[in-house]
Amino acid sequence: MSSQISRRTLLRTAVTVAGAAVAAPLLSACGSGGAAKSGSNSKAGLAGALPAYVASTAVTADIPSVTGPSGGFSDPGFLTYPAAPVKTVTKTPGSGGSYSAVTPLWGTIPAADNPFYQAVNAALGVKLTMQPANGTTYNTAIPTLTAAQKLPDWVQLPTWWNALFNVGGLVGTQLADLTPYLAGDKIKEYPNLAALPTGAWQAGVWGDKLYGIPSFASGTAFAGAFYYRQDVFEAKGIAADSVRSADDLMNLGKELTSASAGVWAFDDMWTYLTQPFGIAQLFTAKDGKLVHKYEQPEYLEALNWAYRLAKSGYIHPDALAGNNNDAKARFYAGKVLVTGDGTGSWNMADAQAGQAADPKYRRGALPLFAADGKSAPSIFLGSSTSLVSYLNAKLKPEQIKELLAVANYLAAPWGSAEYTLINYGVEGVDHTRVSGTPTFTAAGQKSVQQQTYPFLVSSPQATSNPGFDQITKDRTAWEAQAVKYAYKPVFWNMNITVPSRLATASAAQALEDTVKDVQHGLKTVADYQNALTSWKRSGGDELTAWYQSEIYDKQGSGQ
């Protein structure tokens with residue numbers, strides 16, 4: 001099985017331990033303000049800072065990416081692991097330098113200077129001392145290092161902690177400007193880095209300069225989908241593409257629900273109603289004026305529909321009670337037949353867990369549809385990455401170049417020789433081939449499986465589920481169709497520093513609590529409208545006006 005952490009799986013883990021919505025737009029609230037550089041950028045400045053994109057042709061996917069009209073592209077699919085991985089880096093990247101690197105790790109910390117690290121250093125031609133730190137306390141460890149100005153040579157700073165780490169204040173002071181080395185065609189010196197999605201690089205641009213190097217980048221990064229028990233649908237003769245409107249979905253609830261048999265059609269659906277109802281990620285722009293998602297007519301329509309669904313009896317009672325921890329167990333057991341979930345849930349591990357509960361288990365995803373059943377469907381692209389690493393500003397130019405050459409090695413494409421070493425270790429020591437797929441030995445489980453290097457930089461995301469080819473085919477087919485309807489949302493991949501006075505309005509906790517109550521049928525849409533009025537008066541209108549005047553009018557939309 002592939003050892004590379006799926007970005008979507010990683011985000012779910014990080015959300016759990018960090019309590020942060022990391023898949024949301026790259027927004028942050030900053031108390032200090034003045035000295036910090038903004039993650040928003042001028043259109044011309046951004047164009048001048050971003051690296052050129054050059055797709056890699058080193059490894060041929062079994063299922064190629066599909067590019068949509070917005071420029072987003074689906075992740076490639078691989079059905080088999082290359083028998084003879086190709087080398088993409090022709091010479092040793094390093095020239096003997098010594099460096100330190102700190103990354104978060106939500107797992108068991110490998111032993112320092114273990115044989116795997118030694119093998120990688122030999123391949124890199126440097127002594128890169130990996131110092132993975134506990135992910136659950138990473139948010140307190142990094143500020144201690146920055147306060148003492150003792151950052152390592154290379155450090156991972158997850159974007160959901162941008163505000164806490166004051167990244168806008170660190171760029172150019174403690175974090176190195178990479179624009180002179182990577183902007184435009186300069187990145188072509190590092191072909192594997194050039195193959196990383198442009199949007200992911202944008203997440204590391206601050207004040208019209210490039211500072212960050214992306215990891216776990218995707219060309220689509222969809223938030224999720226409506227999943228259904230394909231095996232059950234097929235047994236009942238229900239075609240997934242028969243759901244073409246919100247009314248069709250409601251009618252499906254009636255057809256599938258049998259409370260007396262302990263089966264309900266739906267689990268919690270709210271988050272994923274953004275797609276059919278056309279709700280913005282944060283803002284939409286109408287004739288040059290920003291409209292917050294909370295004020296969109298579509299938001300009210302979706303909330304009204306969700307309220308009716310809550311009262312219909314088609315949602316599992318535990319989901320209505322807010323028990324989301326058991327959602328997957330309900331889906332596996334067939335107690336719920338349609339659920340909303342992130343794209344990271346569609347993988348080999350899911351199939352194994354589902355088939356343990358029901359050997360016939362198969363997950364499918366409903367095709368995109370518009371709530372009215374008439375309009376063309378649409379779906380917004382999520383953040384291209386939420387994991388960005390940085391180099392220390394104290395490094396000399398020749399050291400930065402050496403580490404960028406190392407980064408180019410680490411970013412080698414899926415299935416390459418470099419990828420195999422970084423993600424599986426040394427064959428015969430850290431992994432062996434089982435049915436052609438690299439599989440960890442006991443040594444590899446200790447030193448390699450708990451990943452560190454990919455948090456510095458990694459290859460673009462790919463889909464592979466050894467032994468479960470149908471999952472790879474299903475998921476890539478869904479993404480290939482979805483990307484045709486994808487668009488870049490307002491402020492796409494922009495990590496904007498929101499003034500501290502607007503932090504409460506930006507969080508909108510009271511309003512979000514009301515939304516949750518409405519979707520669970522505990523409060524009415526009228527209650528939401530009252531809460532919306534209160535939010536607007538207590539900072540919501542000021543927040544929208546700030547985005548309009550300070551970001552949209554001056555810097556553009558990021559689209």
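**Exercise 1. Find the contact at the start of α3, then describe the helix.**

*Solution.* At the start of α3, Asn 114 places a side-chain oxygen within 3.0 Å of the backbone nitrogen of Phe 116. The model is predicted.

Step 1: list the buried residues. Helix α3 spans residues 115–124, and its buried residues are Phe 116, Tyr 117, Val 120, Asn 121 and Leu 124.

Step 2: look down the axis. The buried residues of α3 fall within an arc of 135°, so they line one face of the helix.

Step 3: turn to the face away from the buried side. Pro 115 and Ala 122 are the exposed residues there.

Step 4: find the packing partners. The buried residues of α3 pack against β5 (127–130), α17 (397–410), α18 (417–424) and α19 (442–447).

Step 5: check the exit. Just after α3, Gly 125 has a positive phi of about 75°.

**Exercise 2. Work out the sidedness of α4 and what follows the helix.**

*Solution.* Step 1: pick out the buried residues. In α4 they are Tyr 138, Ile 142 and Thr 146. They cover an arc of only 65° around the axis, which puts them on the same side of α4.

Step 2: take the other side of α4. Thr 144 and Ala 147 are exposed there.

Step 3: name the cover. The buried residues of α4 are covered by elements including β3 (98–102), β4 (104–105), β6 (133–134), β7, α5 and α6.

Step 4: follow the chain onward. Gln 149 lies in the loop between α4 (138–147) and β7 (154–156). Its phi is positive, about 55°, although Gln 149 is not a glycine. Most residues other than glycine have a negative phi.

**Exercise 3. Locate Asn 166 and classify its backbone and exposure.**

*Solution.* Step 1: place the residue. Asn 166 sits in the loop between α5 (162–165) and α6 (167–170).

Step 2: read phi. Asn 166 is not a glycine, yet its phi is positive, about 55°.

Step 3: classify exposure. The relative accessibility of Asn 166 is 28%, so Asn 166 counts as partly exposed.

**Exercise 4. Describe how α11 and α13 pack.**

*Solution.* Step 1: choose the descriptors. Two packed helices are described by the angle between their axes and the distance between the axes.

Step 2: apply them. The axes of α11 (residues 246–256) and α13 (residues 297–312) come within 11 Å and cross at roughly 10°. The two helices α11 and α13 are therefore roughly parallel to each other.

Step 3: list the contact residues. From α11 come Ala 246, Leu 249 and Met 250; from α13 come Trp 305, Arg 308, Leu 309 and Ser 312.

Step 4: sort the residues of this contact by type. Five are nonpolar, one is polar and one is charged.

**Exercise 5. Identify the buried side of α22 and its cover.**

*Solution.* Step 1: list the residues. Leu 511, Thr 514, Val 515, Val 518 and Gln 519 are buried in α22 (residues 509–519). Their arc around the axis is only 135°, which puts them on the same side of α22.

Step 2: find the cover. Elements over the buried residues of α22 include α13, α14 (317–320) and α23 (525–555).

Step 3: look past the helix. Gly 521 follows α22, with a positive phi near 80°.

**Exercise 6. Describe the surroundings of Thr 472.**

*Solution.* Step 1: place the residue. Thr 472 is in helix α20 (residues 469–482).

Step 2: judge exposure. Thr 472 has a relative accessible area of 0%, so Thr 472 is buried.

Step 3: list the neighbours, not counting residues up to four places away in sequence. Thr 472 touches Ile 63, Gly 77, Phe 78, Leu 79, Thr 463, Ser 464 and Asn 465.

Conventions:
Residues numbered from 1 in each chain as written. Predicted model: local features only at pLDDT ≥ 70, side-chain atom pairs only at ≥ 80, totals over all residues. Heavy atoms only, no water. Buried < 20%, exposed > 50% of the residue type's maximum accessible area, 1.4 Å probe, protein only. Helix = DSSP H or I, 4+ residues; strand = E, 2+ residues; numbered from the N terminus. Arc of directions from axis to C-beta. Contact = heavy atoms within 4.5 Å. Polar contact = N/O pair within 3.5 Å; in protein donor to acceptor, adjacent residues only side chain to side chain. Axes fitted to C-alpha atoms, helices over the stretch in contact; angles between N-to-C directions. Parallel < 35°, antiparallel > 145°, perpendicular 65-115°, else oblique. Nonpolar A, V, L, I, M, F, W, Y, C, P; charged D, E, K, R; others polar.
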